[in-house]
Amino acid sequence: MHARSFWLDEALAADPSPIAPALDQDIRADVCIVGGGYCGLWTALRLKEAEPALDVVLIERDLCGSGASGRNAGFLLSWWGKYVSLAKICGEVEALRIARASAAAVGDVMAFCRAHAIDADIRHGGWLWSATNRAQLGVWQDTIAALARQGEHPIAEWDRAETVRRSGAPSILGGAFERDAARIQPALLARGLRRVAQERGVRIFEQTPLVDLRMDTPNPAVTTPRGTITARKVVLAMNAWALRFAAIRKAMVVVSGDIVLTPPIPERLAALGADEGLTVSDGRALVHYWRGTRDGRLAFGKGGMSGTFTFGGRLGDEVEGETPMRAPLAAALHKLFPGLASAGIARGWRGPIDRTRSGLPFFWHLDPARNVVFAAGFSGNGVGPCYLAGKILASLVLERADEWSRCGLVRPTARDFPPEPVRFIGSHLIRHALIACDRADDAGRTPPLAARLLARFAPAGVSPFQSNAEPAPAPAPGHERPAT
Ligand SMILES: Cc1cc2nc3c(=O)[nH]c(=O)nc-3n(C[C@H](O)[C@H](O)[C@H](O)COP(=O)(O)OP(=O)(O)OC[C@H]3O[C@@H](n4cnc5c(N)ncnc54)[C@H](O)[C@@H]3O)c2cc1C
């Protein structure tokens, strides 16, 4: 068993029924959902809301919330920041609809928590897209301009003084603030969703991994170690673990995201003067991000392609448990907040991030009969978007012809990444290029040409990304950076 995140330990300690029984017999159901993270749980909730009599079973290989949903940084963000990428995939009209829905989702998640007494330490403090070196200044401008052309102004540029004052980071150079964002304790949200799903009659089996999936029978069948579930529809909400399916593997790479957490230091954080509920990330290729907690800790993470890559379809220890990057993460944190250097680091952990080329997920089916549907590829930006994923997957399962089943993100996966070993070698080369770009940017130098050229192949997070169809000119360093 891997070390769990601080968040999940906290959530399990507060949970009166921490483990649901494992499946130990063959059963039938209308819908079988595989994966007990936000994506699977929101889908289950949405299905029960739409059709309360539906028999929905959810299986989870470990505990609900033990995947990325219980390990993430808890930035509850919209897709406004990814508008340019959305528009490349779906066109401006659909992109606008999805981005607006993603912004509304932030409020919807908060309202759901209030309605169901889920105390997930939510603060509606917004998101600051900041610059921690000169090369990052203005990386938000294309997105702001594209949104303004549509009459939307969710992101506003801040000057340096405002950015420093609100973030508490003295060396920060500027930023852009988005109001439709909140911070949450991620595992408390996941475990809260699990409780409400159970209350609504979803049958949850934990410590029940899918070991095989049959799609050649009239109804798909999910095999687990001690029982099989035969269902009319199967939903794969397995995040990075969906790598085992070739149709999904070709469209995403998996890399670890790593986080460290200080001990409680409320007086020191108060002395910095930072907004307690603000979530902040910077514009570097290997993004840095941070946020506070209600007991006065600072969580600091590093993402993008900075972590450990998986090889092929195997997802093992490399993306779970303790982070081996505690020292570099602490160094980056203390560079930003020199006054916190003596506070130390209390915990560190990592989790898998399912990166697609566009930084946006795919929704599609694995079989010709469309009985096995999946979502994958949230690319480090899934806390809020998984709420929408629940709507999309539920509409696909119920075969409804509505704006969610027809959503522009419902599309077949493409061969966006080469097979192994080219993918693994290429990922490392690109990471080295991104490191070289970040180092040069931090030092105020122009990154080497070779690094800049290679960095163009990095999967995107915040827009824009380069579509296969129309290669874009080389972006300025820092312009193509992942979310977390
Ligand atoms: C370190 C880190 C920081 C992040 N920070 C942010 C952030 O601040 N904001 C943001 O929006 N996003 C963030 N993300 C991304 C976000 O956490 C994910 O996009 C989101 O949780 C995805 O939800 P999910 O349900 O798809 O995946 P998961 O929560 O990973 O759920 C998938 C579940 O499937 C289960 N599973 C796997 N294989 C099997 C099997 N064979 N049988 C049964 N069950 C199986 C897993 O155990 C897991 O519980 C971060 C991710 C990481 C790792």
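Student: Which helices each supply at least two residues of the lining of the second largest pocket?

Tutor: A pocket, on a 1 Å grid over the protein atoms alone, is an open set of points with protein on both sides within 12 Å along at least five of seven lines; lining residues have an atom within 4 Å of a point. Here α10 (326-336) and α12 (422-443) each give at least two residues to the lining of the second largest pocket. Helices (H or I, at least four residues) and strands (E, at least two) are DSSP runs, numbered from the N terminus. α10 has the largest share of this lining, with five residues.

Student: What kind of model am I reading?

Tutor: This is a predicted model: local features need pLDDT of at least 70, side-chain atom pairs count only at pLDDT 80 or more, and totals for chains, interfaces and linings use all residues. Residues are numbered from 1 along each chain as its sequence is written, and side-chain values use heavy atoms, with hydrogens and water left out.

Student: What volume does the second largest pocket have, and which residues are closest to its centre?

Tutor: Volume is the space filled by probe spheres set on the points, which are joined across faces, edges and corners. The second largest pocket has about 430 Å³. It is lined by 16 residues; closest to its centre are Arg284, His288, Ala332, Lys335 and Asp442. By class, its lining has six nonpolar, four polar and six charged residues. (Nonpolar means Ala, Val, Leu, Ile, Met, Phe, Trp, Tyr, Cys and Pro; charged means Asp, Glu, Lys and Arg; the others, Gly among them, are polar.)

Student: How does the largest pocket read? Which element has the largest share of its lining?

Tutor: The largest pocket has a volume of about 810 Å³. Its lining counts 48 residues, with Gly67, Ala68, Ser69, Asn239 and Trp241 closest to the centre. Strand β16 has the largest share, six residues. α2, β3 (75-77), β12 and β16 each contribute at least two. The lining splits into 23 nonpolar, 18 polar and seven charged residues.

Student: Where does the ligand sit?

Tutor: A molecule sits in a pocket if more than half of its atoms lie within 2 Å of the pocket's grid points. The ligand's space is the largest pocket. α2 (38-50), β12 (252-261) and β16 (347-356) are the elements that give two or more residues to the shell around the ligand. β16 has the largest share there too, with three residues.

Student: How many residues surround the ligand, and which are the closest?

Tutor: A shell residue has a heavy atom within 4 Å of the ligand. There are 39, and Glu60, Arg61, Ser69, Leu210 and Val383 are the closest. The shell holds 19 nonpolar, 16 polar and four charged residues.

Student: Which backbone atoms make polar contacts with the ligand?

Tutor: Look for N or O pairs within 3.5 Å. A polar backbone atom of Tyr38 is 3.2 Å from a ligand oxygen. For a backbone N or O atom of Gly74, the distance to a ligand oxygen is 3.4 Å. For a polar backbone atom of Gly382, the distance is 2.9 Å. Taken alone, the ligand exposes 1,000 Å², and the protein buries 99% of that. (Areas use Shrake-Rupley with a 1.4 Å probe.)

Student: How many cavities of 30 Å³ or more are there, and what lines the second largest?

Tutor: In a cavity, a 1.4 Å probe fits but cannot get out. There are four of 30 Å³ or more. The second largest cavity holds about 60 Å³ of space. Its lining consists of Phe6, Trp7, Glu10, Asp121, Gln185, Arg291, Thr293, Arg294, Asp295 and Arg297. Helix α1 (residues 6-13) has the largest share, three residues. Two lining residues are nonpolar, two polar and six charged.

Key:
Polar contact = N/O pair within 3.5 Å; in protein donor to acceptor, adjacent residues only side chain to side chain.
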